[in-house]
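Trainee: I have a model to look at. Show me how to read its contacts and its ligand site.

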Amino acid sequence: MDLMNKNLLKDTSYVDGEWINANDGSCSEILNPATSESLGFVPNCGSAETIAAIEAARRAQSIWSKTDAKERSSVLKNLHRLMLENQEDLAKIITLEGGKPISESIGEIAYAASFFEWFSEEAKRVYGDVIPAHQHDRRTLVIKQPIGVVGCITPWNFPSAMLARKIAPAIAVGCSVVAKPAPETPFSALALAYLSELAGFPKGLLNILTGDAERIGAVLTENKDIRKITFTGSTSVGKLLLKQSAESVKKVSLELGGHAPFIVFEDADLDAAVDGALIAKYRNSGQTCVCANRIYVQSGIYDAFCERFTEKTSGLVVGNGLEEKTQQGPLISNNAMRKVSLHIDDAKNKGATVATGGNPHNLGGLFFEPTVLTGVTDDMLIAKEETFGPVAPIFSFENEQEVVKRANDTPFGLAAYFYTSDLGKSWRVSEQLDYGMVGLNTGIISTEMAPFGGIKESGIGREGSKYGVDDYLEMKYISIAGIEE
Ligand code: SIN
């Protein structure tokens with residue numbers, strides 16, 4: 001990798017402040033999804049290295065939990081600054097290992113850094129309570145304490161931001177972390193570990209293990225010293241981690257799959273809705289959990305919406321994310337390519353029309369054409385499953401009640417979007433959508449200042465915002481007797 005700061009490129013795991021190889025010396029090769037070229041190798045760590053990391057994290061946490069809020073705040077602030085100082089290089093790492101267009105990677109680093117800034121501030125606001133006493137000689141207090149060692153498992157689609165969203169609140173309140181980044185994108189996590197050292201994180205506070213997902217995940221979920229698991233990824237893996245964590249009754253936060261409806265009412269600003277749908281659909285080539293996955297357009301404006309949306313979609317520039325003009329990078333894997341093709345073929349077989357795209361891109365490899373499907377109906381696979389790719393299926397609807405019912409007819413409940421200019425409808429539909437997050441007249445909802453998370457099979461817990469520390473804290477009630485003389 002051609003980086004300005006070569007120190008950011010680490011190809012070993014990070015445990016107890018040391019850069020380590022796997023005990024058995026084994027490695028995995030990391031490929032650039034845009035070119036299939038090798039980016040290097042990282043250690044294939046397993047159970048023994050995970051146990052060593054947990055022990056280091058336990059030792060570090062017992063000291064860190066006794067530090068004061070200002071000290072914790074200050075290392076997080078340092079990390080925020082260091083990330084921004086290295087923004088270009090860190091963004092390049094994301095693009096090389098994940099394929100994301102460089103402008104989006106630059107944005108992701110700003111987004112990731114913002115969690116360190118936000119939680120450096122929240123570190124100082126972990127308040128307790130004094131509750132009115134139930135007896136005259138008593139006083140009743142509630143204090144909040146760090147939960148302990150946290151196991152983090154993070155995805156490839158936001159390799160820096162999702163790690164930051166978990167590490168920052170944990171460190172802010174006095175926890176330590178053992179993290180396992182996605183096998184496809186380890187270099188972003190290792191670069192973050194390097195910067196955490198410079199920021200002043202004591203050894204053992206943050207440990208990053210690359211390697212075998214199953215073996216590392218099994219130890220993290222079974223080990224009794226891990227008191228919390230936080231995971232972003234697929235619903236199926238989330239369910240497995242929840243089951244594995246049950247034995248030791250860990251607190252678990254899950255940010256899982258979505259299947260976001262994007263509803264456009266006839267009274268909406270049509271141009272704004274088209275632009276909102278473009279960003280909600282094609283950010284990261286459709287590979288986000290909050291991607292618009294079902295676009296519902298009211299029948300009176302259906303044709304006009306489809307025409308404008310298709311025109312803008314067909315103008316999107318596909319290419320290697322390192323090229324400035326690129327707006328759509330490659331998909332992450334052959335499996336992702338297969339799922340996209342499967343959803344398109346199924347929709348076509350059941351009567352949908354391909355308005356643009358529909359095929360692997362002529363660049364070859366993992367590139368796919370941004371695709372619009374019209375005349376999509378609820379019996380198609382794409383109406384039921386998350387695609388995780390650049391395919392926009394457009395459904396038609398007649399009225400508010402009907403579209404809300406169809407939007408809610410899914411086991412998922414992460415993000416939903418709708419466009420209207422009617423105040424009453426804004427409130428009614430916001431309240432009726434069974435989702436953890438609603439974008440009203442916007443296609444972009446992510447910010448460190450708001451609670452990110454879903455309901456139903458899309459997850460448990462919230463990340464970011466003032467609520468983002470709660471998952472890393474235990475509440476303790478203290479009853480003080482003998483106050484009266
Ligand atoms: C995700 O896809 O999991 C996260 C997207 C975001 O934070 O915007």
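Mentor: Start with a polar contact, a pair of N or O atoms within 3.5 Å; within protein, one must be able to donate a hydrogen and the other to accept it, and residues adjacent in sequence count only if both atoms are side-chain atoms. Here the Ser114 side chain reaches the backbone oxygen of Tyr111 at 2.5 Å. This is a predicted model: local features need pLDDT of at least 70, side-chain atom pairs count only at pLDDT 80 or more, and totals for chains, interfaces and linings use all residues. Numbering runs from 1 along each chain as its sequence is written, and side-chain values use heavy atoms, without hydrogens and water.

Trainee: Is Ser114 buried or exposed?

Mentor: Buried means under 20% relative accessible area, exposed over 50%, partly exposed in between (1.4 Å probe, protein chains only). Ser114 has 9% relative accessibility, so Ser114 counts as buried.

Trainee: Which side chains have an N or O atom paired with a ligand oxygen?

Mentor: Tyr111 is one of them, at 2.8 Å from a ligand oxygen. For Arg283 the distance is 2.7 Å. For Ser446 it is 2.4 Å.

Trainee: How much of the ligand's accessible area does the protein cover?

Mentor: Accessible areas come from the Shrake-Rupley method with a 1.4 Å probe. On its own the ligand has 260 Å², and the protein covers 100% of that.

Trainee: Which classes of residue form the shell around the ligand?

Mentor: Ala, Val, Leu, Ile, Met, Phe, Trp, Tyr, Cys and Pro count as nonpolar, Asp, Glu, Lys and Arg as charged, and the others, Gly among them, as polar. This shell has five nonpolar, four polar and three charged residues.
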